[in-house]
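Work through these short exercises with the model open. Try each task before you read its solution.

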Amino acid sequence: MKSLANKNILLGVTGGIAAYKSAEIVRHLKKSGASVRVVMTRSAEEFITPLTLQALSGNRVSTELLDAEAEAAMGHIELAKWADGILIAPATANTIARLSSGRGDDLLSTVTLAFDGPISVAPAMNQAMWRDERTQENLKKLIDQDFGICGPGSGEQACGDVGLGRMLEPIDILDMFSLSFNEGTLSGKKILITAGPTQEPIDPVRFITNRSSGKMGYSLVEAALESGANVTLISGPVNIEPPSNCNFVSIKTAEEMYEAVMHHISGMDVYIGTAAVSDYSPAKASDSKIKKDGSSSPMVLELKENQDILKSVSELEQRPYVVGFAAETNDLIKNAEKKLSNKNLDLIIANDVSNKDIGFDSDDNEVTLITEKEKHLIERQNKRKVSKKIIDFISGRINDQNN
Ligand code: C5P
């Protein structure tokens, strides 16, 4: 739990029988070097006294939202600003329901609304309440909003029932919670990502392009930046603003993308080719607008094959970890495996573009990560989450390579 040292942790305690264990959580947090402030709900006070948690945390425990004296000392906004992370343990079914609907009717829920950082909850409730569809729906909402969920565990419950719903042991909760503060897994790594479509001019007003929106590539850029990487983005024309903290290179044609990639590739640790690079471009773009000739005979456009950028990168002598995408409409896995070996890639991300709900221009994606040794499905979810999982997978592999 090294990552909790010097962190300001706000512990929320809600009204479940497991509240007595929050004393131990405070003790562990202090031992690992964190500063701790505790916010209790009114019903939590029925299970453990604020005085106990005040003595252990060394700070006054906050309980009321509308308490002039407490607000003058450290009000809900100051508490939210002070905290680096919030852990709610135990988290009752009621608290989970209130958090999932964004309520702000007591101090704890208000602080979580005002807080912008990692929040984890450690559910604790009767097994039937845990299994209830409404609780599960509320939980799903929290997961979608990036809350960490620690547990619950299973076993005998205070009421005599046996099943899932027991709060995990404090040390296990803190092990999970501390993962929120891990240093970026790609700190110090350099990543080059291509994204978007290319445009291949036919004449000054027309071009060949494709349906790529750039969403997947740009969300990978965000995820890589969040993991601490130094990111260069080489992008075709899209309607998304590039993040200000990446090195952005704008291109239009496949040839320009090839040149830009070759220019920036040296020293990169990872190359991810998400761009939908046009395989062909007109053999010669006309200098002036092509006119109809009135003969009604078919117009023939001669195309030349473009360089395969991904393959060129994987053939470099000093090559980075090379990741490609396989956007396929049929035989997804077979075609992706073929590409993995033909292009000599470390990883290929297979993406079914025949399904309109995922892939091109959609906000969601479902992909299979394929390496020589393994296959790993990332089920349908928004591209931001898919990207985070892809980046985590890549950082796991390159960190393994370096060890
Ligand atoms: O062979 P195919 O074009 O389907 O392969 C897709 C993968 O190859 C993608 O990662 C894409 O970015 C990359 N690619 C490339 N240069 C090309 C064509 C595709 O880098 N000319």
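**Exercise 1. A helix on the sheet**

Across which strands does helix 2 lie, and at what angle does it run to strand 2?

Solution. The model is a predicted one. Start with the strands: helix 2 lies across strand 1 (8-13) and strand 2. Next, take the direction: helix 2 runs at about 170° to strand 2. Now look at another helix on the sheet. Helix 5 (residues 93-100) touches strand 3 and strand 4. The direction of helix 5 makes about 140° with that of strand 3.

**Exercise 2. The order of the strands**

Find the strand order of the open five-stranded sheet, then say which strands stand at the edges.

Solution. Read the order: it is 2-1-3-4-5, with parallel pairing. Now go to the edges. Strand 2 (35-40) and strand 5 (148-149) stand there, each with a single partner strand, so one side of each has no neighbour in the sheet. Then check one pair inside the order. Strand 3 (residues 85-91) and strand 4 (residues 119-123) run parallel and are joined by four bridges. One residue pair to locate is Leu87 with its bridge partner Ser120 in strand 4.

**Exercise 3. Two helices together**

Describe how helix 1 packs with helix 2.

Solution. Begin with the geometry. Helix 1 (residues 22-31) and helix 2 (residues 50-57) pack at an angle of about 10°, and their axes are 9 Å apart. Angles under 35 degrees count as roughly parallel, so helix 1 is roughly parallel to helix 2. Now list the residues that meet. Helix 1 brings Ser22, Ala23, Val26, Arg27 and Lys30. Helix 2 brings Leu53, Leu56 and Ser57. Finally, sort this contact by class: four residues are nonpolar, two are polar and two are charged.

**Exercise 4. A hairpin**

How many residues link strand 9 to strand 10, and how many bridges join them?

Solution. Take the link: a hairpin joins strand 9 to strand 10 through two residues. Then take the pairing. Strand 9 (residues 200-203) and strand 10 (residues 206-208) run antiparallel, with three bridges. For one of the pairs, find Asp203, whose bridge partner in strand 10 is Arg206.

**Exercise 5. One residue in its place**

Is Ala254 buried or exposed?

Solution. Locate the residue: Ala254 is in helix 11 (residues 254-264). Apply the cut-off: buried means under 20% relative accessible area. Ala254 has 3% relative accessibility, so it counts as buried. Look at its contacts beyond four places in sequence: they are Thr198, Glu200, Val277, Ser278, Asn306 and Ile309. Last, try a distance. From Ala254 to Met299 is 45 residues in sequence and 24 Å in space, C-alpha to C-alpha.

Terms used: Residues numbered from 1 in each chain as written. Predicted model: local features only at pLDDT ≥ 70, side-chain atom pairs only at ≥ 80, totals over all residues. Heavy atoms only, no water. Axes fitted to C-alpha atoms, helices over the stretch in contact; angles between N-to-C directions. Parallel < 35°, antiparallel > 145°, perpendicular 65-115°, else oblique. Contact = heavy atoms within 4.5 Å. Nonpolar A, V, L, I, M, F, W, Y, C, P; charged D, E, K, R; others polar. Pairing = 2+ DSSP bridges. Buried < 20%, exposed > 50% of the residue type's maximum accessible area, 1.4 Å probe, protein only.
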